[in-house]
Amino acid sequence: MFKRIMKGGQKKPSKTDPSDPSSFGPTATAAAPAVVVPPPSGTIEPLPLFLDVAVLERQNLFIRKLQICCHVLDFSDTLKSIREKEIKRQTLMELVDFIQSGSGKITDTCQQEMIKMVSANIFRCLPPASHENTGQEATDPEEEEPCLEPAWPHLQLVYELLLRYIVSSDTDTKVAKRYIDHSFVLKLLDLFDSEDPREREYLKTILHRVYGKFMVHRPFIRKAINNIFFRFIYETERHSGIGELLEILGSIINGFALPMKEEHKLFLSRALLPLHKPKPVSVYHQQLSYCIAQFVEKDFKLADAVIRGLLKYWPVTNCQKEVLFLGELEEVLEATQAAEFQRCMVPLFRQVARCLNSSHFQVAERTLFLWNNEHIVSLIAQNRTVVLPILFEALEKNIQSHWNQAVHGLTVNVQKMFLEMDAELFEECQRQYAEREAKAEDLEEQRELNWKRLADAAAQNGVDMVTA
């Protein structure tokens with residue numbers, strides 16, 4: 001399968017001559033003959049070091065070492081193929097050192113064989129998650145122990161080789177893009193679901209470098225990440241690498257040019273904002289929050305859409321998730337201008353009022369901490385005639401009946417702040433609140449009186465109100 005992929009990628013002749021003496025050393029004077037390497041056999045034997053062979057032989061040796069490393073060994077049994085594993089490890093280390101040393105240009109044939117070897121090692125079926133093996137209900141991803149890849153001693157070196165190849169100044173993107181093609185990138189993205197955090201860290205670095213070096217792949221990478229998010233949000237709600245993908249996106253968003261393309265705005269509304277919905281959002285919320293904040297900082301006009309998106313996915317019963325949302329809301333508001341704030345302030349502060357009255361003290365306390373932010377206080381002060389009437393009842397209820405003393409104290413401070421902003425408005429809100437409370441008491445008394453009259457009438461007719 002990998003041979004078909006590689007053959008499909010060869011669309012035009014190479015600019016690098018495989019027989020160029022400069023490819024594998026500075027002192028070569030004659031062209032090396034073409035090499036046809038047989039497929040690897042079932043045994044692995046050590047090969048000489050690069051320094052121990054003539055410069056003209058290094059091309060042959062490089063390919064032979066790659067062929068050795070195409071062997072995928074079984075790490076499920078630690079006592080099996082110990083000698084072969086060590087030979088392969090040493091060979092991989094030599095290949096990494098050779099690429100890193102920049103001894104010379106890497107020929108087309110060598111690049112093709114190297115990507116073939118990398119593909120043979122890293123592209124594999126990932127083991128199922130623990131809950132898939134047992135058939136039990138999935139647990140909280142934060143509580144799960146990651147499943148570490150037993151073949152990591154080899155995989156790490158293969159990833160390191162791929163990374164050194166991509167970042168090398170000798171790597172010509174026009175040639176390399178034939179082998180690091182869309183199919184290769186897509187398989188690389190599939191590996192982000194690996195449970196091993198070490199592997200995901202390497203993948204994150206490599207994909208970021210690919211995105212930076214291969215401009216032709218950028219739209220495809222963004223679209224592929226988009227599709228991973230869609231499947232995670234609307235189908236599985238299970239993926240190990242969402243946080244790492246968001247870290248890459250955070251850097252990508254930072255480089256977006258202004259005015260922002262419609263494609264990027266759609267990505268924000270259709271992929272990033274819905275990522276607040278899945279249950280395991282706490283696992284990747286820090287990276288998600290950074291991406292959202294980057295969008296608003298890039299284009300402050302997006303603040304209204306972002307805040308309304310947060311309100312759309314605001315948690316109802318998950319208090320820990322609410323605390324995360326409040327922290328993110330503060331970051332977004334910090335980058336929000338007055339005009340955008342005015343567009344969304346009514347639904348926003350209705351939600352803030354509900355959070356103020358939360359019986360979970362961390363939610364109420366985190367909401368009150370918003371008034372520690374000078375920019376947010378400034379926005380509220382400019383629009384106090386709208387904001388205070390929405391919040392006044394919630395503040396009064398906290399002072400009268402909230403069980404937590406810290407919340408009670410913070411609420412008193414916020415009320416004093418509003419009083420200092422506009423005493424006349426505060427007194428008007430207080431008067432309206434007193435009128436509403438009086439009307440509510442009158443209605444309650446009227447309701448009880450009606451029930452009493454009904455009970456008396458039933459008693460006169462000999463009807464038991466309880467059992468009838």
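**Entry 1: loop residues with unusual backbone**

I began at glutamate 237, which lies in the loop between α10 and α11. The model I am reading is a predicted one. I looked up phi of glutamate 237 and found a value near 55°, positive in a residue other than glycine. Its relative accessible area is 26%, so I entered glutamate 237 as partly exposed.

I then turned to serine 81, in the loop between α2 (58–69) and α3. Phi of serine 81 is likewise positive, near 55°, and this residue too is other than glycine. I noted serine 81 as partly exposed because its relative accessibility is 26%.

My third backbone item was the peptide bond between leucine 258 and proline 259, which is cis, with omega about 0°. Proline 259 sits in the loop between α11 and α12. I recorded these items because most residues other than glycine have a negative phi, and most peptide bonds are trans.

**Entry 2: the chain as a whole**

I counted secondary structure next: the chain has 21 helices and zero strands. Of its 468 residues, 46% count as buried. For the surface I noted about 24500 Å² exposed by the chain, with 53% of that area supplied by carbon and sulfur atoms. I also looked at how far apart in sequence the contacting residues are. Among contacts between residues at least 6 apart, 76% join residues at least 24 apart.

**Entry 3: helix α13**

I checked the length of α13, residues 281–298, against expectation. Its 18 residues should span 26 Å at 1.5 Å a residue, and the end C-alpha atoms are 24 Å apart, so I entered the two values as in agreement. I also found a bend of about 40° in α13, at glutamine 287.

Which residues of α13 are buried? I listed Val281, Tyr284, His285, Gln287, Leu288, Ser289, Cys291, Ile292, Ala293, Gln294, Phe295 and Val296. The residue at the bend, Gln287, is thus on the buried list. I then asked what covers the buried residues of α13. The cover includes α10 (218–236), α11 (242–254), α12 (262–272), α14 (303–312) and α15 (319–334).

I singled out histidine 285, found in helix α13. I recorded this histidine as buried because its relative accessible area is 6%, under the 20% cut-off. Leaving aside neighbours within four places in sequence, I found histidine 285 in contact with Leu324, Phe325 and Glu328. I also noted a C-alpha separation of 9.4 Å between histidine 285 and leucine 246, which are 39 residues apart along the chain.

**Entry 4: two helix pairs**

I described each pair by axis angle and axis distance, as is done for two packed helices.

For α12 and α13, I found that the axes come within 12 Å and cross at roughly 145°. On the α12 side the contact is made by His264, Phe267, Leu268 and Leu272, and on the α13 side by Leu288, Cys291, Ile292 and Phe295. I entered this crossing as left-handed.

For helix α8 (residues 182–190) and α10, the axes come within 11 Å and cross at roughly 35°. His182, Val185, Leu186 and Leu189 of α8 make the contact with Phe220, Ile221, Ala224, Ile225 and Ile228 of α10. I entered the crossing of α8 and α10 as right-handed.

**Entry 5: helix α6**

I then examined helix α6, residues 152–167. From first C-alpha to last its 16 residues reach 22 Å, close to the 22 Å expected at 1.5 Å a residue. How many residues of α6 are buried? I found 12 of its 16, and entered the helix as mostly covered.

The buried residues of α6 are Trp152, His154, Leu155, Leu157, Val158, Tyr159, Glu160, Leu161, Leu162, Leu163, Tyr165 and Ile166. I noted that Glu160 is on this list. Their cover includes α3, α4 (108–122), α7 (173–176), α8 and α9 (197–213).

**Entry 6: threonine 91**

My last residue was threonine 91, placed in helix α3 (residues 82–101). Is threonine 91 buried or exposed? I entered threonine 91 as buried, because its relative accessibility is 4%. Apart from neighbours within four places in sequence, threonine 91 is in contact with Lys65, Ile68 and Cys69.

Definitions and conventions:
Residues are numbered from 1 along each chain as its sequence is written. This is a predicted model: local features need pLDDT of at least 70, side-chain atom pairs count only at pLDDT 80 or more; totals for chains, interfaces and linings use all residues. Side-chain values use heavy atoms; hydrogens and water are left out. Helices (H or I, at least four residues) and strands (E, at least two) are DSSP runs, numbered from the N terminus. The expected span of a helix is 1.5 Å times one less than its number of residues. The bend at a residue is the angle between axes fitted to the seven residues ending there and the seven starting there. Buried means under 20% relative accessible area, exposed over 50%, partly exposed in between (1.4 Å probe, protein chains only). Contact means heavy atoms within 4.5 Å. Accessible areas come from the Shrake-Rupley method with a 1.4 Å probe; for residues, only the protein chains shown count as cover. Axes are lines fitted to C-alpha atoms, for helices over the stretch in contact, and angles run from 0 to 180 degrees between N-to-C directions. A crossing is left-handed if the near helix is turned anticlockwise from the far one by less than a right angle, and right-handed if clockwise.
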